[in-house]
Amino acid sequence: MKTAVITGGTDGIGRKLAQTLLERGDRVVVIGRSSVKAEAVHAAAARLGAADRLEFLPADLSLVSENHRVVDHLRSAYPAIDILALGARYYRSSRALTADGFEASFALFYLSRYLLAHGLAETLGRSTTPIVLDLSGPGGDLARINWDDLQFARGYDPDAVMHQCGKLSDLLAVAFVRAHANSGIRYLLLHPGLTATGFTGSYSAEDAATVAGMRRRGQPVDAAVARIMRHLDHPAVAPLSAFMQDTPVDTTGAAFDMAAAERLAAHTRELLAGAGPGPHA
Ligand SMILES: NC(=O)c1ccc[n+]([C@@H]2O[C@H](COP(=O)([O-])OP(=O)(O)OC[C@H]3O[C@@H](n4cnc5c(N)ncnc54)[C@H](OP(=O)(O)O)[C@@H]3O)[C@@H](O)[C@H]2O)c1
C-alpha cells in the first residue's frame, strides 16, 4: 500500500487522482481548504469502502505557517510518503496579498510547492519508489521570469503570473533534484493537458468567459488522471523528468538552467527567513 499526499485533492484532477489511488488500495492524504468539497471526497471514499485510508487535512497552502503545519503533521503521522502530488491552484484576475504579505499566486503555486517538497524530502526518501509530481506546464522560456519583480507589484498580469509560476516550478525541480541527489526521489513535471475542471479562482467577467470556453474544450478529468497514472506507474529513470502530456520535455536545456535555479533558491531562502518561525518552532 502506497501513501500519497495530494494538494488540491478536493477538486478537479486532484480529487479524481485521490479516488483512483484509493480504488487501488493506497492511502491518501487530501489537502485543500473547503470542508464542503472534502465531504464529497469522504463520501466517494466511503462508497469504495476506503474511508479508513483517507485523511482530509484542511489547510490554506498560500500561508507559510500552514505549509509548516502540514509538513510537521505529515512527518509525524506517516513513516514514509511514496507520492507527493502538487496540484493546488487558484487563478486570480486581480493581484492579492496573503496575510504574510506575499503575492497570492507566488505563495500558492511556488512557495507552497517549495516548502512541501523540501519539507517532506526526508519522509519521501524513506519510500522505495518516491516521486514528486508537479502538475505544471514545464519547459517554457526562462524569459517568462520577472526577476526584478517576482511578485508583480508593478503591472500585474494574471497570464504572465501563471506562465511565471510554471517556470518557477521548473527551477524548483532543478534545485530540488540537486539538493536531494542521493534521496532516490524522482521529480516529475507534468502538464496533463487542458482539462474540464472547476478552474478554482477569482475571475473578472472577461476571464470567466475565457475559462468557460476552456472548460468546454477541456478533456474529461478521467482522461487527465489516466495519463497521470501512466506516468506514475512507469516513471522515467532520470531523477528529473518533464512532459507536456506524453511528449518528453528536455530538462537539460536552457529552460532548466542550474544557475537560475540556484538564484531562485537563494532568493526563496531569503524571503522565507523573513517570514516568521519555521517548522518545529
Ligand atoms: N485543468 C487544466 O486544464 C490544467 C492544465 C494544466 C495543468 N493543470 C494543473 O493541474 C492542477 C489541478 O488543476 P485543476 O484544474 O484540477 O484544479 P481545480 O479543479 O481548480 O482545483 C484546485 C484545487 O486547489 C485547491 N486550492 C486552491 N487554493 C488553495 C489554497 N489556498 N490552499 C489549499 N488548496 C487550495 C482547491 O481546494 P479548495 O477549494 O478546497 O481550497 C482545489 O482542490 C493544478 O496544479 C493546475 O495548474 C490543470
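How many bridges join β7 and β9, and in which sense do the two strands pair? In this predicted model, β7 and β9 pair in the parallel sense, and five bridges hold the match between them. One of the contacts to look for is Leu189, whose bridge partner in β9 is Ala242. This pair of strands is a good place to begin a walk through the sheet.

The sheet as a whole is open and is formed by eight strands, in the order β3-β2-β1-β4-β6-β7-β9-β10, with mixed pairing. At its edges lie β3 (54-58) and β10 (247-249), each of which pairs on one side only. From one strand to the next, the twist averages 20°. As a reminder for newcomers, strands of a sheet pair through backbone hydrogen bonds, and they do so either parallel or antiparallel.

Several neighbouring strands can be followed one by one. Strand β1 (residues 3-7) runs parallel to β4, and four bridges join the two. Here Ala4 has Ile83 of β4 as its bridge partner. On the other pairing described for β4 (residues 83-86), the strand meets β6, again in the parallel sense and over four bridges. Ile83 is matched with Ile131 of β6, and Ala85 stands opposite Leu133 of β6. Ile83 is thus a handy landmark, being a bridge partner of Ala4 and also of Ile131.

The path continues from β6 to strand β7 (residues 186-191), which run parallel and are joined by four bridges. In this pairing Ile131 stands opposite Arg186 in β7. Between these two strands comes helix α6 (residues 158-179), and β6, α6 and β7 together make a right-handed β-α-β unit.

What covers the picture further is the burial of these strands. In a regular strand the side chains alternate between the two faces of the sheet. In β4, Ile83 and Ala85 lie on one side and Leu84 and Leu86 on the other, and all are buried. Strand β6 (residues 131-134) is likewise covered on both faces, with Ile131 and Leu133 on one side, Val132 and Asp134 on the other, and all of them buried. In β7, six of its six residues are buried. One side of β7 carries Arg186, Leu188 and Leu190, while the other carries Tyr187, Leu189 and His191.

Burial also marks one of the helices. Helix α4 (residues 104-119) bends by about 35° at Leu111. Of the 16 residues of α4, 14 are buried, so the helix is largely enclosed by the rest of the structure.

Attention now turns to the ligand. Around the ligand there are 30 residues, of which Gly8, Gly12, Gly32, Arg33 and Ser34 come nearest. Sorted by class, this shell has ten nonpolar, 15 polar and five charged residues. Helix α1 (residues 12-23) gives the most to the shell, with three residues.

Gly12 also takes part in a contact between distant stretches of the chain. Its C-alpha atom is separated by 5.9 Å from that of Gly198, although the two residues are 186 residues apart along the chain. Gly198 sits in the loop between β7 and β8 (201-202). Gly198 counts as partly exposed because it has 16 C-beta neighbours inside 10 Å.

Two further loop residues deserve a look for their backbone angles. Most residues other than glycine have a negative phi. Phe152, however, has a phi near 50°, a positive value in a residue other than glycine. Phe152 is found in the loop between β6 and α6, and with 17 C-beta neighbours inside 10 Å it counts as partly exposed. Gln245 also has a positive phi, of about 55°, although it is not a glycine. Its place is the loop between β9 (240-244) and β10. Because Gln245 has 13 other C-beta atoms within 10 Å, the residue is partly exposed.

Conventions: Residues numbered from 1 in each chain as written. Predicted model: local features only at pLDDT ≥ 70, side-chain atom pairs only at ≥ 80, totals over all residues. Near = placed C-beta within 6 Å. Nonpolar A, V, L, I, M, F, W, Y, C, P; charged D, E, K, R; others polar. Buried ≥ 20, exposed ≤ 12 C-beta atoms within 10 Å, placed from the backbone. Pairing = 2+ DSSP bridges. Right-handed = clockwise from strand over helix to strand, strands pointing away. Axes fitted to C-alpha atoms, helices over the stretch in contact; angles between N-to-C directions. Bend = angle between axes of the 7 residues up to and from the residue.
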